[in-house]
Amino acid sequence: MRTKPAAAIAAELEAELEHYPDERGQILVEAAEAWHQAGDHDRAIALLTQAIALGGEDGGNARVELVEVLFDLDQIEQAQAQLDELRHQRPSSPTPYHLAAELLEDRGQHQQALTWFNMAVARLTEQEMADRDTEFGFLSYANNIVAGRRRVRHALGIPPDELDESVQALSEQAEDLARALTPPAPREVRVLFWPRNEIPRAHEAWPRLVEHAEADTIIAEREAANRELSEAGIARITMVPLTTAKLLEFTTRTESDPTDEDTRLACMNEILEEGGTVSWPPARNAPCWCGSAIKYKKCCGRPHLD
């Protein structure tokens, strides 16, 4: 399956800077991530430096991304210096602290990760903490941070405290609500989907089947739907990628209609027999299921897409 090169994605993102000045910080970070993926680390660092200079939450998030780039380049002292500078800057948003905590957790530095999770918790507002006690509090960003704190405390062998126990209570609330609102879910769902680079081709070939070519929108909707399935209790989601070439070959061979649902179901079963599937969700550092060639955690698995 061919995917758009990371360098091309980075260049497209940079081209958006002129058109979306209000989103400059976020676009700079996303372009830098793509350049880093493409191997142009100097360009990634240059863009992140620009984003850091903007200040605010985007600047803090950019500094965490710079830390990750430096860690990947084995520039440990420089990465640590950036973390120290972030701590010195004292951003008011919990997000940069949370991102730094998860980065350190991924690297197995649980003691340092706990420090950053604690700083993130300290920057949650009273209202954000109170939102955890609502009906859907287990889905809140604040609960996500507190759950991360509990995770690293458990990894360090620290007995649960009152805040840790509150996460467990919210998890039980989520399970009770799911049981009350939904019937028993099937163990597995198979999802036939168009990879990112196939969407424009499928739209051109079958506009009634694929109504538009806005790949970002279609992929984001699929990710959201998968998360809803997972929250509803689906134990396993198997993604089955479909290409225009495969569907054309199948329908020509079987003399069937590509816009017919039964045709696509039969094609999906053939792909399943051939073993061409992707499990959802991928590991955080694995390539994203959508075919972008970017890590899942930096593509469809990004926190702000929740």
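**Exercise 1. Work out the strand order of the sheet and find its edges.**

Three steps will do it.

- Step 1: Start with the order. The sheet is open and has 3 strands, arranged β1-β2-β3 with mixed pairing.
- Step 2: Look for strands that pair on one side only. These are β1 (188-193) and β3 (278-280), the edge strands.
- Step 3: Add the twist, which averages 30° from one strand to the next.

Keep in mind as you go that this is a predicted model.

**Exercise 2. Describe how β1 is joined to β2, and say which residue of β2 is the bridge partner of Val189.**

- Step 1: Strand β2 covers residues 236-241, and 6 bridges connect β1 with it.
- Step 2: Check the directions: β1 and β2 run parallel.
- Step 3: Pick out one bridge. Val189 has Ile237 as its partner in β2.

**Exercise 3. Find which strands helices α12 and α14 touch, and compare the helix directions with that of β2.**

- Step 1: Take α12, residues 215-231. This helix packs on the sheet and touches β1, β2 and β3. Its direction makes about 155° with that of β2.
- Step 2: Move on to α14, residues 261-274. Here the strands touched are β1 and β2, and the angle to the direction of β2 is about 100°.

**Exercise 4. Decide how α1 and α2 are oriented, and identify the residues that make their contact.**

- Step 1: The axes of α1 (residues 6-16) and α2 (residues 24-38) come within 8 Å and cross at roughly 160°.
- Step 2: Angles over 145 degrees count as roughly antiparallel, so α1 is roughly antiparallel to α2.
- Step 3: From α1, the contact draws on Ala6, Ala7, Ile9, Ala10, Ala11, Leu13, Glu14 and Glu16. From α2 come Ile27, Glu30, Ala31, Ala34, Trp35, Gln37 and Ala38.
- Step 4: Sort these residues by character: 11 are nonpolar, 1 is polar and 3 are charged.
- Step 5: Finish with the handedness, as α1 passes α2 in a left-handed crossing.

**Exercise 5. Repeat the analysis for α6 and α7.**

- Step 1: α6 spans residues 95-106 and α7 residues 110-122; they pack at about 165°, with axes 8 Å apart.
- Step 2: By the cut-off of 145 degrees, the two helices α6 and α7 are therefore roughly antiparallel to each other.
- Step 3: Their crossing is left-handed.
- Step 4: On the α6 side, the contact involves Tyr97, His98, Ala100, Ala101, Glu102, Leu104 and Glu105. On the α7 side, the residues are His110, Gln112, Ala113, Trp116, Phe117, Met119 and Ala120.
- Step 5: The contact divides into 9 nonpolar, 3 polar and 2 charged residues.

Note on methods: Residues numbered from 1 in each chain as written. Predicted model: local features only at pLDDT ≥ 70, side-chain atom pairs only at ≥ 80, totals over all residues. Heavy atoms only, no water. Pairing = 2+ DSSP bridges. Helix = DSSP H or I, 4+ residues; strand = E, 2+ residues; numbered from the N terminus. Axes fitted to C-alpha atoms, helices over the stretch in contact; angles between N-to-C directions. Contact = heavy atoms within 4.5 Å. Parallel < 35°, antiparallel > 145°, perpendicular 65-115°, else oblique. Left-handed = near helix turned anticlockwise from the far one by under 90°. Nonpolar A, V, L, I, M, F, W, Y, C, P; charged D, E, K, R; others polar.
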